[in-house]
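Student: Can you walk me through this model? I'm new to this, so keep it simple.

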Amino acid sequence: MGRRSILLLACVAGTIAMTGCGGGEPVEPLGPEVDLAPNLSGVWELTAFSSQLVTAGETLEPPLISGTFILRQDPPTGSEAMGTFEMSISVPDGFGGTTAFDDSGTFTVRSDGTWEQAGNLNQAKGTYTLEGRIFSVIVTEPALAVSTTVWQRT
């Protein structure tokens with residue numbers, strides 16, 4: 001084998017080694033892992049409620065208050081997930097009875113702790129925490145809706 005043949009063979013071998021075997025698509029490197037939005041689907045029972053407007057900032061607990069929060073969530077798309085909700089909260093009306101707040105609509109939850117809801121009664125933004133079976137929503141806007149609700153999965 002001549003010198004020219006050896007060089008040609010070396011070039012061909014190097015080209016094959018660089019392109020890999022099988023001729024498939026190049027493998028993309030994995031990017032940074034994305035924290036998926038949590039799955040909040042289920043029925044939640046109200047365990048605490050406070051609001052500047054409704055409770056004058058006082059935190060109320062059962063039996064003074066009651067409520068349910070039903071969430072149906074689509075699978076997350078990366079760090080965000082969307083779904084629908086039905087919510088009912090009953091609070092003392094100050095006259096010996098109760099007032100019910102019923103709402104339904106859509107929500108968006110993100111892995112960074114942000115929460116948005118677009119209901120028939122209330123559009124709100126804020127944050128949430130999820131610790132085991134306890135889910136809290138802290139509404140920070142609009143000003144009239146500022147509140148904290150704490151829910152426990154049933």
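## Strands and neighbours

Tutor: Let's begin with one matched pair: Thr106 has Ala118 of E5 standing opposite.

Student: Which strands are being joined there, and which way do they run?

Tutor: E4 and strand E5 (residues 114-119) run antiparallel, and five bridges join them. Strands pair here if DSSP finds at least two bridges between them. One thing to know early: this is a predicted model, where local features need pLDDT of at least 70, side-chain atom pairs count only at pLDDT 80 or more, and totals for chains, interfaces and linings use all residues. Residues are numbered from 1 along each chain as its sequence is written, and side-chain values use heavy atoms, with hydrogens and water left out.

Student: OK. How many residues lie between E4 and E5?

Tutor: Three residues separate the strands in that hairpin, and Gly113 there takes a positive phi near 95°.

Student: What does E4 do with E3?

Tutor: Strand E3 (residues 80-92) is joined to strand E4 (residues 98-110) by 13 bridges, and the two run antiparallel. Gly83, for instance, faces Phe107 in E4. Their hairpin has five residues in between, and Gly94 in the turn has a positive phi of about 85°.

Student: Zooming out, how many helices and strands does the chain have?

Tutor: There are two helices and eight strands. Helices (H or I, at least four residues) and strands (E, at least two) are DSSP runs, numbered from the N terminus. Along the sequence, the pattern reads α-β-α-β-β-β-β-β-β-β.

Student: And how much of the chain is buried?

Tutor: Of its 154 residues, 28% count as buried. Buried means under 20% relative accessible area, exposed over 50%, and partly exposed in between, with a 1.4 Å probe and protein chains only.

Student: Gln73 caught my eye. Where does Gln73 lie? And is Gln73 buried or exposed?

Tutor: Gln73 lies in strand E2 (residues 66-73). Gln73 counts as buried because its relative accessibility is 13%.

Student: What does Gln73 touch?

Tutor: Leaving out residues up to four places away in sequence, Gln73 touches Pro38, Asn39, Leu40, Ser41, Ala81, Met82, Gly83, Phe107 and Val109. Contact means heavy atoms within 4.5 Å. You've already met Gly83 and Phe107: they stand opposite each other, with Phe107 in E4. The side chain of Gln73 also reaches the backbone nitrogen of Leu40 at 3.0 Å, where a polar contact is a pair of N or O atoms within 3.5 Å; within protein, one must be able to donate a hydrogen and the other to accept it, and residues adjacent in sequence count only if both atoms are side-chain atoms.

Student: New topic: how do E6 and E7 pair?

Tutor: Strand E6 (residues 123-131) pairs with E7 in the antiparallel sense over seven bridges. Thr129 has Ser136 of E7 opposite it. Two residues sit between the strands in this hairpin, where Gly132 takes a positive phi near 65°.

Student: What about E7 and E8?

Tutor: Six bridges join them, and they run antiparallel. Val139 has Ser147 in E8 as its bridge partner, and the hairpin of E7 and E8 has five residues between the strands.

Student: Last one: why is Thr140 called partly exposed?

Tutor: Because its relative accessible area is 47%. Thr140 is in strand E7 (residues 134-141). Apart from neighbours within four places in sequence, Thr140 is in contact with Lys125, Gly126 and Val146.
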